[in-house]
Amino acid sequence: MNHLWRKVSALLLGTIFSCFLVIGIANNTIAQQTPLTLETSLLTLEQVGDNIYALISDTDYPPDNENIAICNAGIVIGDDGVLVIDPFHNEALGNLLLSEVAKLTDLPVKYVLNTHYHFDHTGGNKAIKAQEILIIGRGTIREDMLVKNRESDPAPAVPSLIINDDSNIWLGDRVIELEEVAGHSGGTDVIAYIPDAKVLFVGDILFNQKFPYIADGDILAWEETLDYLSDKYADATIIPGHGEVGDRYDLDSLKGYLYELELMARKWQELGLSEEEAIASAGEIPKAYQNYRFQGLYPSNLKTAYQQITLKSAPNP
Ligand SMILES: [Zn+2]
């Protein structure tokens with residue numbers, strides 16, 4: 001079943017990506033004629049700490065054209081250089097990000113961090129590689145970009161520095177703490193904390209007021225990570241991979257959503273429902289989440305919960 005599900009989710013994902021690509025191609029001519037700006041890419045630059053900025057995307061999914069940023073990015077300026085986080089999904093947006101950095105500082109971009117392997121955060125690596133800037137990722141990110149992103153990003157620029165443990169980046173006297181976490185993307189999730197400003201970039205561990213993409217994750221591990229981060233970074237400003245800048249309460253609210261999915265999936269198990277019956281019984285999006293964006297992901301969230309929890313949890317004695 002697992003194998004089958006992997007196939008089904010790959011197909012579903014492929015369909016979503018294909019729609020996105022078709023829309024992208026249809027709008028390509030317009031996009032090529034118009035120079036990218038934050039406005040056309042639906043991005044807002046926000047200062048989130050002393051010499052720390054986030055570029056926050058205001059799109060739903062899929063976006064209206066290929067040059068609208070899907071995810072958020074980060075810019076951390078130190079004493080002698082800059083760290084950039086998640087350079088969006090294509091070269092043009094990666095270049096837009098670099099040009100925004102140049103407006104903020106004369107210091108060079110020394111490092112780029114990919115918070116995980118998904119193409120919406122790594123496709124812009126091409127712009128970074130072209131400038132010979134060091135790209136950092138975790139674990140199996142190179143293999144995952146080459147194999148799992150093949151359809152959405154056939155010629156990826158993969159990171160050349162791989163961390164396999166918690167690590168620190170120093171920009172002069174400013175330290176950025178990189179920490180490995182679990183839950184979203186099968187062993188490539190890494191978060192970045194700047195202790196002097198209490199700012200935390202969590203990548204897709206947080207989708208803020210948006211349905212999360214969980215088909216590639218682990219619901220139970222993700223819940224644990226959200227609890228852990230909410231405790232550890234209780235007073236931090238938190239920049240999600242998708243959605244507005246937030247804090248620990250936004251971590252708590254995503255945890256609440258995942259926990260509801262978990263309970264629903266355990267109930268399906270008790271009732272002995274088939275996947276089709278389970279999805280049908282879940283019905284509409286619950287009231288609490290009706291304002292969430294990325295609503296197209298809700299049905300696949302239900303399927304993932306069925307696969308990961310209903311099929312694997314032990315029946316009640
Ligand atoms: Zn993402």
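Guide: Two strands pair if DSSP finds at least two bridges between them; helices (H or I, at least four residues) and strands (E, at least two) are DSSP runs, numbered from the N terminus. The model is predicted: local features need pLDDT of at least 70, side-chain atom pairs count only at pLDDT 80 or more, and totals for chains, interfaces and linings use all residues. Residues are numbered from 1 along each chain as its sequence is written.

Visitor: How many helices and strands does the secondary structure of the chain come to?

Guide: The chain has 317 residues, of which 44% count as buried (20 or more other C-beta atoms, placed from the backbone, within 10 Å of a residue's own; exposed means 12 or fewer, and partly exposed lies in between). Its secondary structure amounts to ten helices and twelve strands.

Visitor: Over which residues is the pLDDT below 50?

Guide: The pLDDT is the predictor's confidence in each residue, from 0 to 100. The chain averages 91, and 88% of the residues score at least 70. Beyond near neighbours in sequence, the stretch below 50 has 24 contacts in the model (C-beta atoms, placed from the backbone, within 7 Å). That stretch covers residues 1-31.

Visitor: Which strands stand at the edges of the open sheet of five strands?

Guide: The order in this sheet is 8-9-10-11-12, with mixed pairing. Each edge strand has a single partner strand, so one side of it is left without a neighbour in the sheet. The two in this position are strand 8 (167-171) and strand 12 (237-242).

Visitor: Which helix packs on this sheet?

Guide: Neighbouring strands here are turned by 25 degrees against each other on average, direction ignored. The helix touches strand 11 (199-207) and strand 12, and its direction makes about 15 degrees with that of strand 11 (axes are lines fitted to C-alpha atoms, for helices over the stretch in contact, and angles run from 0 to 180 degrees between N-to-C directions). It is helix 8 (residues 248-271).

Visitor: Which residue stands opposite Glu179 in strand 10?

Guide: Strand 9 (residues 174-180) and strand 10 (residues 190-194) pair in the antiparallel sense over four bridges. The residue opposite Glu179 also has contacts with Thr115, Leu200 and Val202, among others. In the largest nonpolar core, which has 76 residues (buried Ala, Val, Leu, Ile, Met, Phe, Trp, Tyr and Cys joined through C-beta atoms within 7 Å), it is listed among those with the most contacts, alongside Val76, Leu83, Val84 and Val202. The partner of Glu179 is Ile191.

Visitor: Why is strand 6 largely enclosed by the rest of the structure?

Guide: Strand 6 spans residues 134-138. It pairs in the parallel sense with strand 5 (residues 109-113) over three bridges, and within it Leu134 is the bridge partner of Tyr111. The strand is largely enclosed because the number of its five residues that are buried is four.

Visitor: Through which helix does the chain cross from strand 6 to strand 7?

Guide: Strand 6 and strand 7 (residues 161-163) are parallel and share three bridges, with Gly137 standing opposite Ile162. The β-α-β crossover between them is right-handed (with the strands pointing away from the viewer, the path from the first strand over the helix to the second runs clockwise). The chain passes through helix 6 (residues 141-147).

Visitor: Which residue in the turn between strand 1 and strand 2 has a positive phi?

Guide: Six bridges join strand 1 (residues 43-49) to strand 2, and the two run antiparallel. Thr44 faces Ile56 in strand 2. The strands form a hairpin with two residues between them, and the one with a phi of about 60 degrees is Asn51.

Visitor: Is Asn72 buried or exposed?

Guide: Asn72 lies in the loop between strand 2 and strand 3. Leaving out residues up to four places away in sequence, it touches Ala54, Asp86, Ile239 and His242, among others. With 29 C-beta neighbours inside 10 Å, Asn72 counts as buried.

Visitor: Which residue is joined to Pro62 by a cis peptide bond?

Guide: Pro62 is placed in the loop between strand 2 (52-57) and strand 3 (73-77). The omega of the cis bond is about -5 degrees, and the residue joined to Pro62 is Tyr61.

Visitor: Is Glu132 buried or exposed?

Guide: Glu132 is found in the loop between helix 5 (125-130) and strand 6. It has a positive phi of about 55 degrees although it is not a glycine. With 6 other C-beta atoms within 10 Å, Glu132 is exposed.

Technical notes
Contact = placed C-beta atoms within 7 Å.
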